[in-house]
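Me: Got a structure open and want to talk it through. Can you walk me around it?

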Amino acid sequence: QDLRSPEQVSQAVKSVVAAKQYGYEDLLGSLVAEACQLVMPLSPKAPSINMDHVRLAKLMGGNIHQTKVLKGMVIRRPPSSIVSRKENAKIAVFGTAIESAQTETKGTVKITSADELKNYNRSEEVLLEEQIKGIRESGVDVVISGGSISEMALHFIEKYDLLAVKVTSKFELRRLCRTVGATPLVRLGPCMPDEMGHCDLVETRELAGGRCVVFQQNDEESAVATIIIRSATTSQLDDLERALSDGVNTVKTLCEDPRMLAGGGACDIALANIIGEMGESTPGLEQYAIKKFAAALEIIPRILAENAGKDPTEVLSNLYAAHKKGGNTMGVDVETGNVADMKEASIFDTFAAKYQALRLASDVAITILRIDQLIMSKQAGGPKLPKQ
């Protein structure tokens, strides 16, 4: 009913998260709700979620109860510079390394004295200092590199009071550009105002025993939230990431269509009842196809009953009996294996997901039935080629 209520959003994603992380659905559901509330536009704008604005960062160590939500985008490495905090920062993003320019072709420089060697090195330093000085004079506070940062470049970055961050992943660099509104540059030098990004706060924080850089935006149009996932094993980290990703996608679906259905197979049995009655009243051979379609909908509650260790036939008969008495929200409770009211248990499915699943399954079945003949590729006849 209210997508801006963390309690209601947490209940809505509970069954989706429990499908992958049973037992932690309350904890993970509240984290998904908190992260989505941070990036959702303020009223009176309609609720909406941009998937790029909810990031998932996996940090090895600790346990699942240490998983938390941070406002901003987290880069899981410390800054390259000593400067660790900038407010209302202008950001320049370079897709290349920040170092002395390399020649495109190989060449030989003949040096005959120590002064010539000293002047040769000095010319490189002067050129790099001019480039970094130009970046600073254009108003930049934070420099982000998609490659390495040389020691000489770091010296001049410190000299001109810049915060430097190295981001090796091109996908992460692309997301960061979208977050701060910057254009990635392929040349090292001063930036134009339209090429620079902006961030309300860039600072270094201690997370999971290490230092990370957090880019925090307060503007609702570019607000970003990061869920820091903690676990002791890689496999559980991956499972938690998938569960949280499903939860965020569910909230996005609810923003587009907030309708929900009773879960636990309640909706499927209700549809099977209606379609089965329709088949009974349909004359001719078509009634067999309609009845088979109704029987196919029993697969969801049947699998739930089997997973709960109960006799699926007995559970299905109890479900049909409960629905005949008017309990349209009665479904399978996997904890007990018995029939229970899914509305009271707060177990729901999104209408959009259920609708698309039924539509696509029907389209697949119809497409297969339209195939008249299967042509299998076989090796052509004739003599076999001699072995080499």
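Me: What comes right after α6, and what is its phi like?

Reply: α6 is followed by G181, which has a positive phi near 75°. Helices here are DSSP runs of H or I with at least four residues, strands are E runs of at least two, and both are numbered from the N terminus.

Me: Before going on, what kind of model is this?

Reply: This is a predicted model, where local features need pLDDT of at least 70, side-chain atom pairs count only at pLDDT 80 or more, and totals for chains, interfaces and linings use all residues. Residues are numbered from 1 along each chain as its sequence is written, and side-chain values use heavy atoms, with hydrogens and water left out.

Me: ok, back to α6. Which of its residues are buried?

Reply: In α6, residues 170-180, the buried ones are E172, L173, L176, C177, T179 and V180. Buried means under 20% relative accessible area, exposed means over 50%, and partly exposed is in between (1.4 Å probe, protein chains only).

Me: Where do they sit around the helix?

Reply: Looking down the axis of α6, the buried residues fall within an arc of 160°, so they line one face of the helix. That arc is taken from the directions from the helix axis to the C-beta atoms.

Me: And what covers them?

Reply: The cover includes β3 (73-75), β4 (85-94), β5 (142-145), β7 (197-207) and β8 (210-216).

Me: Which way do β4 and β7 run?

Reply: β4 and β7 are antiparallel, joined by six bridges. Strands pair if DSSP finds at least two bridges between them. For one example, K90 has H198 in β7 as its bridge partner.

Me: How many bridges between β7 and β8?

Reply: Seven, again in the antiparallel sense. E203 stands opposite V214 in β8. The hairpin of β7 and β8 has two residues between the strands, and A208 there takes a positive phi near 55°.

Me: Where else is there a positive phi outside glycine?

Reply: D161 is one, with a positive phi of about 55° although it is not a glycine. D161 is in the loop between α5 (151-159) and β6 (163-166), and is partly exposed at 37% relative accessibility. S346 is another non-glycine with a positive phi, about 60°. S346 lies in the loop between β12 (339-341) and β13 (348-350), and counts as buried at 18% relative accessibility.

Me: Switching to cysteines. How many disulfides?

Reply: Zero. A disulfide would be a pair of cysteine sulfur atoms within 2.5 Å. For C177, the nearest cysteine sulfur is that of C191, 11 Å away. For C199, the nearest is that of C177, 13 Å away.

Me: Are those two cysteines buried or exposed?

Reply: C177 is buried at 7% relative accessibility, and C199 is buried at 0%.

Me: Next, aromatics. How many pairs turn up?

Reply: A search of the whole structure finds one. The ring centres of F351 and Y355 are 6.1 Å apart with the planes at 15°, so the pair is stacked. The rule is that rings of Phe, Tyr and Trp (its six-membered ring) pair if their centres lie within 6.5 Å, with planes under 30 degrees apart called stacked, over 60 edge-to-face and the rest tilted.

Me: Where are F351 and Y355 along the chain?

Reply: F351 and Y355 are four residues apart in helix α12 (residues 351-369), which separates them by about one helical turn. F351 is partly exposed at 26%, and Y355 is partly exposed at 46%.

Me: What sits over the ring of F351?

Reply: The charged end of R259, 4.0 Å from the ring centre. A charge sits over a ring if NZ of Lys or CZ of Arg is within 6 Å of the ring centre and within 35 degrees of the ring normal.

Me: Last couple. Where's T329, and what is it in contact with?

Reply: T329 is in the loop between α11 (312-324) and β11 (330-332). Setting aside neighbours within four places in sequence, T329 is in contact (heavy atoms within 4.5 Å) with A262, A266, A340, D341, M342 and K343. T329 is partly exposed, at 26% relative accessibility.

Me: And N273, which residues does it touch?

Reply: Not counting residues up to four places away in sequence, N273 touches Y320, H323 and K324. N273 is in helix α8 (residues 266-280) and is buried at 13% relative accessibility.
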